[in-house]
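Q: I am new to this structure and would like a close look at one part of it. Could you pick a spot and walk me through it, then show me how it fits into the whole?

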Amino acid sequence: TASIHGLRPNMTNITQDGVNVQDNAGRNTLFAIGAHNLDDIAEFRVVAGTIHSDSGTGAAQVNMVTPSGSNEFHGSLFEFHRNKALNANSFFSNQNGIPRPAQIENKFGGRAGGPLEIPNVYNGRNRTFFFTAIEISRLPYQVTRDRTVWEQDARDGIFKYRDASGNLRQVNLLDIAPVHRSINPITKDLLDDTPLPNIGGFGDGLNTRGYRFLSKQMTTGERITGRIDHKLKESASGRVHQLEVVMSHRNRLSRPDVMNDRDPAFDHGLGLNIEGRGLVTAVAIHSSLGP
């Protein structure tokens, strides 16, 4: 729902090192193929209105540039941690004895850059530079789910109802079954695999009620960025030709995909996973022409 300069979302062009990194099927305003972190962004620009001729499609341009190395070695490490220890539970989960969902997040990684040097083989000072950044994330996640399940009597074939006068009545469906007096074994296995109710407020209150539980998801991710800059030629007159190669890899796996309701029906069983991968490669030659 974001908008830049009042423009429609599909009128924004997002590039990293000159390469379009949008999901061009949806082309949302600020949605790129792979999320970035602070360590692999050296420059960030938003341009709207009159744009240059080297820009791509879009009246608004979001440009990101990957850092490059230099003649000095630089690096850093980081760890970001979030924990549920200080979080409060919701009122209704407390009321029904459901524990607070886990909100734990771990992100760690680092960056390094400098001249490319191979001892006794190559000295890249003033000529070849490298930069690399990595971020690894581990995000366990839980969300409260409410399901409608059968009461024990209904599982045994005894169904309750109210007649026209509002009186509560019940009937044993197995007693009036024309042939069989027992539950089909396949149906019984399914019923036995379904938990009993633990909350009210769902179902008809006679044969069905609610079951509340925490559905779990584990999301793992890796973001790896590498860049090489190499001066092909530099003259005293100021002419410089430089090769630039940038590669960015993104991977994200959610097991199961709780955010899109692909988790199991109950707090056991298997759900569907979702995985996203992205690889962006940019190769360019920059030339500065002198007299």
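**A closer look at Phe130 and its partner**

A: Let's start with Phe130, which counts as partly exposed at 22% relative accessibility. That value is not under 20%, so Phe130 does not count as buried. Please keep in mind that this is a predicted model.

Phe130 has a ring partner, Phe73. The centres of the two rings are 6.5 Å apart and their planes meet at 50 degrees, so this pair is tilted. An angle under 30 degrees would have made it stacked, and one over 60 edge-to-face. The two partners come from distant parts of the chain, 57 residues apart. Phe130 belongs to strand β9, which covers residues 128–150, while Phe73 sits in the loop between β4 (60–65) and β5 (74–82). Phe73 is also partly exposed, with a relative accessible area of 49%. Since exposed means over 50%, Phe73 does not count as exposed.

Now let's stay with that loop. Asn71 also lies between β4 and β5, and its relative accessible area of 26% makes Asn71 partly exposed. Leaving out residues up to four places away in sequence, Asn71 touches Pro115, Arg125, Asn126 and Phe129. For a sense of distance, take Ile41: Asn71 and Ile41 are 30 residues apart in sequence, and their C-alpha atoms are 19 Å apart in space.

The pair we began with is part of a wider count, as the chain has five aromatic pairs. Elsewhere, ring pairs join Tyr211, Phe213 and Phe266 into a cluster.

Stepping back, here is the chain as a whole. Its secondary structure consists of three helices and 14 strands. Taken along the principal axes, the C-alpha atoms fill a box of roughly 100 × 45 × 40 Å. The radius of gyration is 30 Å, whereas a compact globule of 291 residues would have one near 19 Å. Of the 291 residues, 31% are buried.

Contacts across long stretches of sequence appear in the overall figures too: among contacts between residues at least 6 apart in sequence, 65% join residues at least 24 apart. The accessible surface of the chain is about 18,000 Å², and carbon and sulfur atoms account for 55% of it. Finally, the chain carries 32 positive and 30 negative charges, and the mean positions of these two groups are 3 Å apart.

How values were computed: Residues are numbered from 1 along each chain as its sequence is written. This is a predicted model: local features need pLDDT of at least 70, side-chain atom pairs count only at pLDDT 80 or more; totals for chains, interfaces and linings use all residues. Side-chain values use heavy atoms; hydrogens and water are left out. Helices (H or I, at least four residues) and strands (E, at least two) are DSSP runs, numbered from the N terminus. The radius of gyration is taken over C-alpha atoms; the globule rule is 2.2 Å times the number of residues to the power 0.38. Buried means under 20% relative accessible area, exposed over 50%, partly exposed in between (1.4 Å probe, protein chains only). Contact means heavy atoms within 4.5 Å. Accessible areas come from the Shrake-Rupley method with a 1.4 Å probe; for residues, only the protein chains shown count as cover. Lys and Arg count as positive and Asp and Glu as negative; His and the chain ends are not counted. The place of a charge is taken as NZ of Lys, CZ of Arg, CG of Asp or CD of Glu. Rings of Phe, Tyr and Trp (its six-membered ring) pair if their centres lie within 6.5 Å; planes under 30 degrees apart count as stacked, over 60 as edge-to-face and the rest as tilted.
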